[in-house]
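Student: I'm new to this one and would like a close look at a single part: the salt bridges. Could you walk me through them, one pair after another?

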Amino acid sequence: MDGAMVTGRMSPEKKSSGNAVLEKFGLNASQAINFMYDRLVSEQDASFLTNSPTTSEDWESAAKFVDALAPAKPLATRFDSMSRAEIKMDRARAKGLV
């Protein structure tokens, strides 16, 4: 998929721990970020990122958001059966570098 890159800074430990959780749900960081941006765009609101739930309605809304992050089944990609080296080679070919 062609698109813009989003870069974020965090500790290596946080990244590793977060990726482990995402992997349990068949997701990667790019997919999680895309889900978050989908919500930002559809709701035109970022308060779910900055406000801690305080009321039962807030908690229900937060739970619905978390539940919506994980698709019913893991998303399939053409890279699923490739090794990291094969993925890198495929991407280099696509860019005309090989």
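Tutor: Let's start with K64 and E60, whose side chains meet in a salt bridge, 3.4 Å from N to O. Keep in mind that this is a predicted model. K64 and E60 sit 4 residues apart in helix α4 (residues 56–69), so about one helical turn separates them. That spacing suits a pair, because an α-helix has 3.6 residues a turn and residues three or four places apart point the same way. As for the surroundings, K64 is exposed at 54% relative accessibility, while E60 is partly exposed at 46%.

Now hop over to helix α2, where R39 and E43 are again 4 residues apart, about one turn of the helix. R39 forms a salt bridge with E43, and their closest N and O atoms are 3.0 Å apart. Here R39 counts as buried, with a relative accessibility of 12%, whereas E43 is partly exposed at 39%.

The next pair is D90 and R78, whose side chains meet in a salt bridge at 2.7 Å, N to O. D90 belongs to helix α5 and R78 to the loop between α4 and α5, so this pair ties together parts that are 12 residues apart in sequence. D90 is buried, with a relative accessible area of 16%, and R78 is exposed at 52%. D90 has company in α5, where I87 and A92 are buried too. Just past that helix comes G96, with a positive phi near 75 degrees.

And that's the set: the count comes to 3 salt bridges.

How values were computed
Residues are numbered from 1 along each chain as its sequence is written. This is a predicted model: local features need pLDDT of at least 70, side-chain atom pairs count only at pLDDT 80 or more; totals for chains, interfaces and linings use all residues. Side-chain values use heavy atoms; hydrogens and water are left out. Buried means under 20% relative accessible area, exposed over 50%, partly exposed in between (1.4 Å probe, protein chains only). Helices (H or I, at least four residues) and strands (E, at least two) are DSSP runs, numbered from the N terminus. A salt bridge is a side-chain nitrogen of Lys or Arg within 4 Å of a carboxyl oxygen of Asp or Glu.
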